[in-house]
Amino acid sequence: MSAEMSRLFRHLTNGVYVIGVADGEHCNAFTAAWVMQVSFQPLLLALSVNPGHHSYPLLRTGRAFAVSVLSSDQLDLARHFGTQSGRDIDKLAEVTWRAGATGAPILTAAAAYFDCQVVGDTEAGDHRLVIGRVVGGAVLAPESRPLIYSDMGNLDGSTTLFPDAF
């Protein structure tokens, strides 16, 4: 049933993003699909992150993250940032990026970006739910179509992570 569960959850309309994190000079980035707006006043985004990932300590101590929105033709970037660990390689070494106002890495080839200051972090099952106040952002490629999570197939290997039943 986990394959069926995976198909079900791929019907949630999630985009695909590269999340940049930084703590001083230490930077990393990872692919994420669980990002959403949660408030207008103030502008807040929520990000779900596995606390066992290499980026989480940088996120926790640096208190900032940048959401680079990938376009539909950037599946290779999603793969690059989502299938390797920052413990093993410098994932940002092979791409062009700049630091946002918060210091978090923003991919210059992204369709758009949001620069966020962390205002909350709470346990959410096997992940952490991190809330960030948007302090900057821009559309970088107005004609692009965002990459959608369901277009990625099982790139993230999540089919094996779903339970067999509710």
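How many of the 166 residues of the protein chain count as buried? The figure is 44%, where buried means under 20% relative accessible area, exposed means over 50%, and partly exposed lies in between, with a 1.4 Å probe and protein chains only.

Before I go on, the ground rules. This is a predicted model, in which local features need pLDDT of at least 70 and side-chain atom pairs count only at pLDDT 80 or more, while totals for chains, interfaces and linings use all residues. Residues are numbered from 1 along each chain as its sequence is written, and side-chain values use heavy atoms, with hydrogens and water left out.

Now the overall layout. The protein chain has three helices and nine strands; these are DSSP runs, H or I of at least four residues for helices and E of at least two for strands, numbered from the N terminus. Read from the N terminus, the order is α-β-β-β-β-α-β-α-β-β-β-β. The accessible surface comes to about 8800 Å², by the Shrake-Rupley method with a 1.4 Å probe, and for residues only the protein chains shown count as cover. Carbon and sulfur atoms hold 55% of that surface. Among contacts with a separation of 6 or more, 65% join residues 24 or more positions apart; contact here means heavy atoms within 4.5 Å.

Next, the inside. The largest nonpolar core has 20 residues. A nonpolar core is a set of buried Ala, Val, Leu, Ile, Met, Phe, Trp, Tyr and Cys residues joined through side-chain atoms within 4.5 Å. I19, L47, L59 and F65 have the most contacts inside this core. Two or more residues come from each of β1 (17-23), β2 (26-32), β4 (44-49), α2 (55-62), β5 (64-69), β8 (112-124) and β9 (127-139). A separate core of 14 residues lies apart from the largest one, and its members include A33, L70, A78 and A110.

One residue to look at in strand β5 is S68. At 1% relative accessibility, S68 counts as buried. Setting aside neighbours within four places in sequence, S68 is in contact with V16, Y17, V18, I106, L107, A110, A112 and Y113.

After β5 comes the loop that leads to α3 (75-82), and Q74 is in that loop. Is Q74 buried or exposed? Q74 is buried, at 10% relative accessible area. What does its side chain reach? The side chain of Q74 reaches the backbone oxygen of A109 at 2.8 Å. Beyond four places in sequence, the contacts of Q74 are V69, A109, A110, A111 and L147.

L147 itself sits in the segment after β9 and is buried, with a relative accessible area of 3%. Its contacts, again without neighbours within four places, are G15, V16, L70, S71, S72, Q74, L75 and A78. L147 and S72 are 75 residues apart in sequence, yet their C-alpha atoms are 3.9 Å apart in space.

S72 is in the loop between β5 and α3 and counts as partly exposed, at 33% relative accessibility. On the same neighbour rule, S72 is in contact with R145, P146 and L147. S72 and I148 are 76 residues apart in sequence and 7.2 Å apart from C-alpha to C-alpha.

Now to charge. Side chains of opposite charge can pair when their charged atoms come close. The structure holds two salt bridges, each with a side-chain nitrogen of Lys or Arg within 4 Å of a carboxyl oxygen of Asp or Glu. In one, R79 meets D76 at 2.9 Å, N to O. Because R79 and D76 are three residues apart in helix α3, they are separated by about one helical turn. R79 is partly exposed at 33% relative accessibility, whereas D76 is exposed at 58%. In the other, R128 meets D121 at 2.8 Å, N to O, and D121 is partly exposed, with a relative accessible area of 26%.

Last, the outside. L8, F9, L12 and F166 form a nonpolar surface patch with about 460 Å² of accessible area together. Patches are made of residues with over 30% relative accessible area and no salt bridge, with like charges joined within 9 Å and nonpolar side chains (Val, Leu, Ile, Met, Phe, Trp, Tyr) within 5 Å. L8, in helix α1 (residues 2-9), is partly exposed at 45% relative accessible area.

Conventions:
Polar contact = N/O pair within 3.5 Å; in protein donor to acceptor, adjacent residues only side chain to side chain.
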